[in-house]
Amino acid sequence: MSALIAVIAFGVLVFIHELGHFIFAKIFGVYVEKFSIGFGPKVFGKKIGETEYLLSAVPLGGYVKMYGENPDETVQDSLKDKAFSNKKLYQKSLIVFAGPLFNYLFAILLFWIVFNLGIHTLKPVIGEVQKDMPAAKADIKSGDAILSINGLEIKSWDDMARIIKVSVNKPLLIKIKRGEDILEKTVTPQTAKSKNIFGEDINIGLLGIKPSGETFLQRFGPVESFVKANQKCYEIVELTFLGIVKMFQRVVPADNIGGPIMIFQMTKDAAQFGLTPLLTFVALISINLAILNLLPIPVLDGGHLLIYAIEAIIRRPLSEKAKSIAIRIGMSFLIGLMVFAFYNDIMRIFRG
């Protein structure tokens with residue numbers, strides 16, 4: 001069942017991406033010949049209006065075939081106003097950009113749903129205080145509930161940990177609840193060595209406390225969920241670009257690159273843990289698809305946008321020869337990247 005959910009989830013992400021291209025093509029009056037989920041031979045197809053909607057055999061992507069998008073295609077006089085090639089530069093750019101945009105907006109929607117449904121999170125209740133650490137020296141005890149830090153309300157253990165980690169050698173005024181009593185303690189986190197998500201050494205603040213392990217379902221209202229969904233998507237975009245930079249700097253190993261097999265396996269695993277983890281992971285993949293497609297590589301959406309930007313600057317279309325060379329280079333790079341990703345996926349399977 002989880003495998004079927006993974007296939008459906010990947011298909012939905014492809015559909016959302018292509019839907020962005022399709023809607024904006026329709027807005028600008030482009031004749032859309034085909035809307036396909038998947039590549040290769042047709043499994044199922046139905047023509048509605050002027051567009052044929054397809055489900056194709058190879059479920060590794062999809063496409064929207066627009067009339068006149070192929071430079072070698074002869075455009076009939078009767079359809080020249082509906083040809084993609086005859087549209088204004090900003091219209092073509094928006095049609096291309098809409099695919100990644102829809103993936104990003106879809107991620108916001110998924111996170112909005114997640115925050116509305118609620119997240120199981122740790123209560124800000126202390127389960128253990130380590131000896132000779134700042135918390136113990138400030139007479140903070142096991143069972144104390146953290147209410148606020150420097151006047152900021154603390155709702156979860158993560159809220160507290162986030163503040164403490166960035167407050168190295170900075171005094172913190174912590175309000176706690178101990179039984180029926182409300183107490184205030186001033187504590188200065190000491191410096192500790194840790195590693196960030198890229199494996200780099202960093203300094204963090206540490207009080208020497210551990211959570212009690214009590215959890216609760218933290219729900220947010222519609223407006224707060226929307227704000228948090230946007231914040232989460234921005235954080236993921238920032239981390240993804242930083243990860244790409246770290247990969248070029250060889251901080252992050254290249255074997256972290258994964259392809260469809262890894263995505264399928266991880267989506268299947270997420271589905272086994274319930275709806276919220278599944279929606280969270282699909283949102284993460286949706287953002288990564290948006291970023292991947294915006295890379296300035298010919299063949300990808302970002303490559304087309306780069307060409308349109310160059311044409312806008314030089315105020316004339318690039319020669320077909322230049323476009324053809326760029327596409328061949330981009331295709332070679334993309335095929336090489338896909339082969340490398342598949343290799344990594346297969347090696348992960350062998351390594352368990």
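The second largest pocket is lined by 29 residues, and those nearest its centre are Phe115, Asp158, Arg162, Lys232 and Glu235. The model that holds this pocket is predicted. The volume of the second largest pocket is about 1000 Å³.

By class, the lining of the second largest pocket divides as follows.

| Class | Lining residues of the second largest pocket |
|---|---|
| Nonpolar | 12 residues |
| Polar | eight residues |
| Charged | nine residues |

At least two residues of this lining come from each of helix 2, strand 3 (119-122), helix 4 (157-165), helix 5 (222-248) and helix 7. Helix 5 gives the largest share, seven residues.

Helix 2 and helix 7, both contributors to the lining of the second largest pocket, also pack against each other. Helix 2 spans residues 89-117 and helix 7 spans residues 275-294; their axes are 8 Å apart and form an angle of about 160°. Because of that angle, helix 2 runs roughly antiparallel to helix 7. The crossing of helix 2 and helix 7 is left-handed.

On the side of helix 2, the contact is made by Phe97, Pro100, Asn103, Tyr104, Phe106, Ala107, Leu110, Phe111, Ile113, Val114 and Leu117. Helix 7 answers with Leu275, Thr276, Leu279, Thr280, Val282, Ala283, Ser286, Ile287, Leu289, Ala290, Asn293 and Leu294. The contact of helix 2 with helix 7 has 18 nonpolar and five polar residues, and no charged ones. The lining of the second largest pocket, in contrast, includes nine charged residues.

Definitions and conventions: Residues are numbered from 1 along each chain as its sequence is written. This is a predicted model: local features need pLDDT of at least 70, side-chain atom pairs count only at pLDDT 80 or more; totals for chains, interfaces and linings use all residues. Side-chain values use heavy atoms; hydrogens and water are left out. Axes are lines fitted to C-alpha atoms, for helices over the stretch in contact, and angles run from 0 to 180 degrees between N-to-C directions. Helices (H or I, at least four residues) and strands (E, at least two) are DSSP runs, numbered from the N terminus. Angles under 35 degrees count as roughly parallel, over 145 as roughly antiparallel, 65 to 115 as roughly perpendicular and the rest as oblique. A crossing is left-handed if the near helix is turned anticlockwise from the far one by less than a right angle, and right-handed if clockwise. Contact means heavy atoms within 4.5 Å. Ala, Val, Leu, Ile, Met, Phe, Trp, Tyr, Cys and Pro count as nonpolar, Asp, Glu, Lys and Arg as charged, and the others, Gly among them, as polar. On a 1 Å grid over the protein atoms alone, a cavity is a set of points where a 1.4 Å probe fits but cannot get out, and a pocket is an open set with protein on both sides within 12 Å along at least five of seven lines; lining residues have an atom within 4 Å of a point. Grid points are joined across faces, edges and corners, and a volume is the space filled by probe spheres set on the points.
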